[in-house]
Amino acid sequence: MTATLTRPILPTALVEGLDDPITDGAVKTKELVIVAESGDLERTWATTILASTAAAGEMKVSIFFTFWGLFALVRPEVRVTGTNWMQKMLAVMNRPGIDHAKLSKLNFAGMGPWMMKKLAKQYGVAKPGELLEMAQALGVRLIPCQMSMDMMGITADQLIDGVEPAVGAAAALELMTNADASLFI
Amino acid sequence: MTVTTPVAKVVDASGLSCPLPIVKTALAIREIGSGDLLEVLATDPGSTKDFIAWTKTTGHELVESSVDGNVFRYLLRKK
């Protein structure tokens, strides 16, 4: 075994720029609300990265899933959602489930997401589905939009476990106005 | 600084990118008791600033941080 020198890191040099008034140990719980409107792979990724990281930092996090974002909450085994032909066609053209998200650009009939996921694996980046699971384990609240569920014909039993009851825009706005930061992704 | 308390849990986040080292640490620190030590190994160069920021936000203590080759080692004490 070769003896390697362990170089200590001086925290003082690195703390620069990270100073904030919280020094007395009294940590206030901050709240983050994300409105997940997009079902695009890269945006779903941003949502799940921020939500899991914020929850890891002991922030109170809620994600409101609306419009295309709602498909991320559909169970992976559900192929087609909806009751009428238009809702079904929507799901056929845009397969529900977080693992089936497409890129907004360079999708190339699935080649783009395939390459992105291959690169992610190579560089040790977790996929949105994995991050969503970890976010849930860290207590992130997943809240679906009732109107989007109705319009797209998605039922509560088609959603993954742990999702909260659906709410409307007024409830989402109340969450946002009480939060320290709100993001629309 | 010499730490005599044994490490309660080790998180090996080598080869993992942001935000996994922090997220895995947050999940693991829930499984140990207050005052217990958690050791984290990571290769993500961004993790150093992340751990400083994370301990500031959460109130857990960053007891030690070092680098050995390309492996960063963080020793954390749960608040």
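Here's a quick look at how chains A and B of this predicted model are put together.

Let's start with chain A. Its secondary structure comes to seven helices and five strands. Walk along from the N terminus and you meet them in the order β-α-β-α-β-α-α-α-β-α-α-β. So much for the order of elements; now for packing. Chain A has 185 residues, and 33% of them are buried. Sequence-distant pairs are well represented: take the contacts in chain A with a separation of 6 or more, and 73% of them come from residues 24 or more positions apart.

On to chain B, which has four strands plus two helices. Along the sequence these elements read β-α-β-α-β-β. With 79 residues, chain B is as compact as a globular protein of that length, because its radius of gyration of 11 Å is close to the 12 Å from the globule rule. Its C-alpha trace spans about 25 × 25 × 20 Å along the principal axes. Buried residues account for 37% of the chain. As for contacts between residues at least 6 apart in sequence, 60% of those in chain B link residues at least 24 apart.

Here are the two chains in one place:

| Chain | Elements | Buried residues | Contacts joining residues 24 or more apart, out of those 6 or more apart |
|---|---|---|---|
| Chain A | seven helices, five strands | 33% of 185 residues | 73% |
| Chain B | two helices, four strands | 37% of 79 residues | 60% |

Technical notes: Residues numbered from 1 in each chain as written. Chains lettered and ligands numbered in written order. Predicted model: local features only at pLDDT ≥ 70, side-chain atom pairs only at ≥ 80, totals over all residues. Buried ≥ 20, exposed ≤ 12 C-beta atoms within 10 Å, placed from the backbone. Rg over C-alpha atoms; globule rule 2.2 N^0.38 Å.
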